[in-house]
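Biologist: I'd like a close look at one part of this protein, the helix that comes up when you ask what is hidden inside. Could you walk me through that part and then show me how the rest fits around it?

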Amino acid sequence: AAMRAATSEWRATRCAHPGRASGSRSRPGHGGGRHEPARPRRGWRSAGRGVPGLEAAKSSELGESSKGESSKFSSRWMNVPRVAYHGAPGAFSSLAARELLPECEPVACETLELVTESVAQWRSDLAILPIQNTLEGTLHDIQDRLVSCGLHIVGEVNIPVIHCLLALPGTRKEDVKTVLSHSVALAQCSTLLKGMGSVREAVFDTAYAAKVIKAEGKTDAAAIASKEAAEEFGLEVLAEDVHDKERGQNIQRYLLLARDPMEYDAVSTYKTSIVFTLDEGSGQLFKALSVFALRDMNITKIESRPLRANPLLATGEGAPTQFNYIFYLDYIGHTSEIKCQQAMRHLQEITPFF
C-alpha cells in the first residue's frame with residue numbers, strides 16, 4: 001500500500017494575535033524554541049517532484065515576494081488567486097485566506113465537499129480549511145477529507161477566532177430571544193448564552209448566521225460571528241470577544257490546499273505531514289518514532305485515532321480485542337531531502353502504510 005504524505009513550508013506560517021498581525025518561523029531542530037519574525041508571503045509557484053518509491057508523496061512550497069512585487073502565482077483569473085472556503089462572506093475561513101494571501105478573491109462554498117471540488121474542478125485555484133483549534137482540538141472530519149481529496153498542502157496560517165454578538169441596528173441585547181451560529185461557536189460562548197437565557201439555533205457557518213439575521217429581518221435574534229461579518233451584512237456589534245475566557249485563547253489553524261505540489265527549494269524550511277498504521281506487537285510505536293530520532297528529525301505533532309475501515313486488531317487467540325489505530329504525524333523536512341527519503345523508506349519497512 002502506498003503512503004500518503006503532504007508538506008507545507010514552515011517559514012510561510014503566519015500567526016496572527018489579537019491586536020496585531022505578525023508571523024513567525026521555527027528553526028528546524030529547535031522544536032518550540034526560538035522564533036524569528038517572518039515577512040508576509042504572497043504568491044507561490046507550482047511544479048514539483050515526488051519521492052522515488054513512494055507513490056502518493058506530495059510536497060509543496062509557498063513562495064515569497066517582496067513588497068510591491070507582482071504575484072508569482074499563475075492563475076486563470078489573471079494574478080488574483082481564487083480561494084475556496086466553507087461559509088459565507090465574513091467567515092473566519094475567508095479571514096484566514098486574506099491573512100495568508102491579502103490579494104486573493106475568497107470564494108464561498110456551502111459544504112466542505114464543494115470547497116475541495118472547487119479546486120479539483122478548476123473553479124478555484126486554492127482551498128483553505130480549518131484543521132485545528134486550541135479549544136476544540138483537531139477537526140477530524142476535515143482531517144479525513146485531506147487524506148482522500150487528492151489536493152496538496154501548500155501553506156498554513158493561524159488566526160485568532162474573535163466571536164462577536166451581532167444583531168440588526170436598534171436591537172438591544174435584552175430583546176434577543178434566539179442566537180444563531182455554528183454549533184461549535186455556540187458551545188464556545190456558553191457562558192454568555194446562559195446569562196442571556198436565549199434559545200440556541202445551529203447553522204452551518206457563523207457568517208451565514210449573520211446573513212440570515214439580515215435577510216429575514218430578525219429583530220429578536222442575534223448571531224455569533226466575526227466583526228467582519230457584521231460589516232458585510234450591516235449588523236451592529238452588541239458584544240465583542242464573547243467566547244468562554246476560562247477555556248483559554250481561541251486560535252484556529254488553517255491549511256492552504258492546491259492541485260499541484262511545489263518545487264523544492266533547498267534554502268527554505270518545510271513541514272511534512274504523514275499518516276500510517278502500525279503492526280500489532282510490543283514497541284511498534286517506539287520503532288516508528290526512532291526512524292526520526294536516529295536522523296535528528298524534529299517531530300512537531302503526533303496523534304492517533306481508531307482506523308474506521310478496519311477498527312479491530314487481531315491480537316491472537318485468548319488475547320483481549322484492541323483498536324487498530326491510524327497515526328497522523330508532522331515533522332520538519334521535505335520529502336526531497338535525502339534524510340527524509342531515507343526515513344520514509346525505513347518507516348515503510350516496519351509499518352503497514354495505507
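Modeller: Let's start with H1: seven of its nine residues are buried, so the helix is largely enclosed by the rest of the structure. The buried ones are Phe92, Ser93, Ser94, Ala96, Ala97, Glu99 and Leu100. Keep in mind that this is a predicted model.

H1 also takes us to the largest pocket, which holds about 460 Å³ of space. Its lining has 22 residues, and the closest to the pocket centre are Pro130, Leu139, His182, Val184 and Gln252. Helix H1 (92-100) is one of the elements that give two or more residues to that lining, along with strand E7 (126-133), helix H3 (140-148), helix H4 (183-188) and strand E15 (251-258). H4 gives the most, with three residues. As for chemistry, the lining divides into eleven nonpolar residues, eight polar and three charged.

Back to buried pieces. Strand E5 (residues 82-86) has five of its five residues buried, so this strand too is largely enclosed by the rest of the structure. Arg82, Ala84 and His86 point one way from E5, while Val83 and Tyr85 point the other way, and all are buried. E5 pairs with strand E6 (residues 105-109) in the parallel sense, over five bridges. Within that pairing, Tyr85 has Ala108 of E6 as its bridge partner. If you want the chemistry behind such a pairing, strands of a sheet pair through backbone hydrogen bonds, either parallel or antiparallel.

Now for an open sheet of five strands. Its order is E12-E11-E13-E10-E14, and the pairing is mixed. Strand E12 (199-203) and strand E14 (236-240) are the edges, each pairing on one side only. Direction ignored, neighbouring strands of this sheet are turned by 30° against each other on average. Look at E11 (residues 178-182) beside E12: the two run parallel and are joined by five bridges. There, Leu180 has Glu201 of E12 as its bridge partner. Across this region lies helix H6 (residues 206-216), which covers strand E10 (164-167), E11, E12 and strand E13 (221-225), and runs at about 155° to E13.

Two loop residues are worth a click as well. Most residues other than glycine have a negative phi. Trp122, though not a glycine, has a positive phi of about 65°. You'll find Trp122 in the loop between helix H2 (112-120) and E7, and with a relative accessible area of 46% this residue is partly exposed. Asp296 is another residue other than glycine with a positive phi, near 55°. Asp296 sits in the loop between helix H8 (284-293) and strand E17 (299-306), and at 66% relative accessibility it counts as exposed.

To put H1 back into the whole: the protein has nine helices and 20 strands, and 52% of its 354 residues count as buried. Among contacts between residues at least 6 apart in sequence, 73% join residues at least 24 apart.

Key:
Residues numbered from 1 in each chain as written. Predicted model: local features only at pLDDT ≥ 70, side-chain atom pairs only at ≥ 80, totals over all residues. Heavy atoms only, no water. 1 Å grid on protein atoms, 1.4 Å probe; cavity = no way out; pocket = protein on both sides within 12 Å on 5 of 7 lines; lining within 4 Å. Points joined across faces, edges and corners; volume = space filled by probe spheres on them. Helix = DSSP H or I, 4+ residues; strand = E, 2+ residues; numbered from the N terminus. Nonpolar A, V, L, I, M, F, W, Y, C, P; charged D, E, K, R; others polar. Pairing = 2+ DSSP bridges. Axes fitted to C-alpha atoms, helices over the stretch in contact; angles between N-to-C directions. Contact = heavy atoms within 4.5 Å. Buried < 20%, exposed > 50% of the residue type's maximum accessible area, 1.4 Å probe, protein only.
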